[in-house]
Amino acid sequence: MSYRVGYSIDDRCVPCKLIRRHTIVAVAGDRVQVRCDYCASLHNYRGGIESSRDPLPIVSDREIVAAEGAPDVDAENLERLLRRVIREESGLTPVAPADKWRGGQLVLRPGREGLQEKAWPIESFFQKIVMIRNRLRVLEQQINAADVPDELKVKLQGYVTGCYGTLTSFNVLFADEADRFKGSGGSD
């Protein structure tokens, strides 16, 4: 099969752990990178093959070993486990836009006549907002872990909280309320 950037293809989404529709975003030799049309995650094309295994359970491997004996660790399980641990530890989670925005466009219309407007897929804009949110979360973790005086930590935390508050305008894009920005007031 010939893969071309922009084409749609079914593949097993890594974060969703389901077969979903993906858009091809890069082709380099035999490597194909796709973006999930549902959660907008980027990953390598896996051939559209559904794994017969269930998604990783909430219980740890140690708990499974204690209950059932030796674990069955193969490359696929190890990769999924590592991806999950990295996502959970770094605060990076798949985030979905609200249903009403999927497939929509963000349009910037100039204030003067005769100038061309600019439109982007709203999913691209949403992904940028999610990246800002994730980077703010990582920054917040770094501030909390830093070996600096407490008054400096409080001051830096205040700046991060102010950024969250400024970004609450974009909460309308998020499907899940838990994914939204919260300022110092704790609400939108």
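**Figure 1. A nonpolar patch on the surface of the predicted model, made by L78, L82 and I86.** In this predicted model, the three residues L78, L82 and I86 together form a nonpolar surface patch of about 290 Å². One of them, I86, belongs to helix α2, which covers residues 75–90. I86 counts as exposed because its relative accessible area is 55%, and the cut-off for that class is over 50%.

**Figure 2. The largest nonpolar core of the protein, with F126, F174 and F181.** This core holds 13 residues, and among its members F126, F174 and F181 are the ones that touch the most others. Helices α3 (122–145) and α4 (150–166) each contribute at least two residues to the core, and the largest share, six residues, is supplied by α3.

**Figure 3. The surroundings of F174.** When neighbours within four places in sequence are left aside, F174 is in contact with V95, A96 and A98, with F126, I129, V130 and R133, and also with D179, R180 and F181. Two of these partners, F126 and F181, are named together with F174 as the core members that touch the most other members.

**Figure 4. The whole chain, as a setting for the close-up views.** The protein has four helices and six strands, which follow one another from the N terminus in the order β-β-β-β-α-α-β-β-α-α. Of its 188 residues, 27% count as buried, while the accessible surface comes to about 12,500 Å², with 54% of that area belonging to carbon and sulfur atoms. Among contacts with a separation of 6 or more, 43% join residues that are 24 or more positions apart.

Definitions and conventions
Residues are numbered from 1 along each chain as its sequence is written. This is a predicted model: local features need pLDDT of at least 70, side-chain atom pairs count only at pLDDT 80 or more; totals for chains, interfaces and linings use all residues. Side-chain values use heavy atoms; hydrogens and water are left out. A nonpolar core is a set of buried Ala, Val, Leu, Ile, Met, Phe, Trp, Tyr and Cys residues joined through side-chain atoms within 4.5 Å. Buried means under 20% relative accessible area, exposed over 50%, partly exposed in between (1.4 Å probe, protein chains only). Contact means heavy atoms within 4.5 Å. Accessible areas come from the Shrake-Rupley method with a 1.4 Å probe; for residues, only the protein chains shown count as cover. Patches are made of residues with over 30% relative accessible area and no salt bridge: like charges are joined within 9 Å, nonpolar side chains (Val, Leu, Ile, Met, Phe, Trp, Tyr) within 5 Å. A salt bridge is a side-chain nitrogen of Lys or Arg within 4 Å of a carboxyl oxygen of Asp or Glu.
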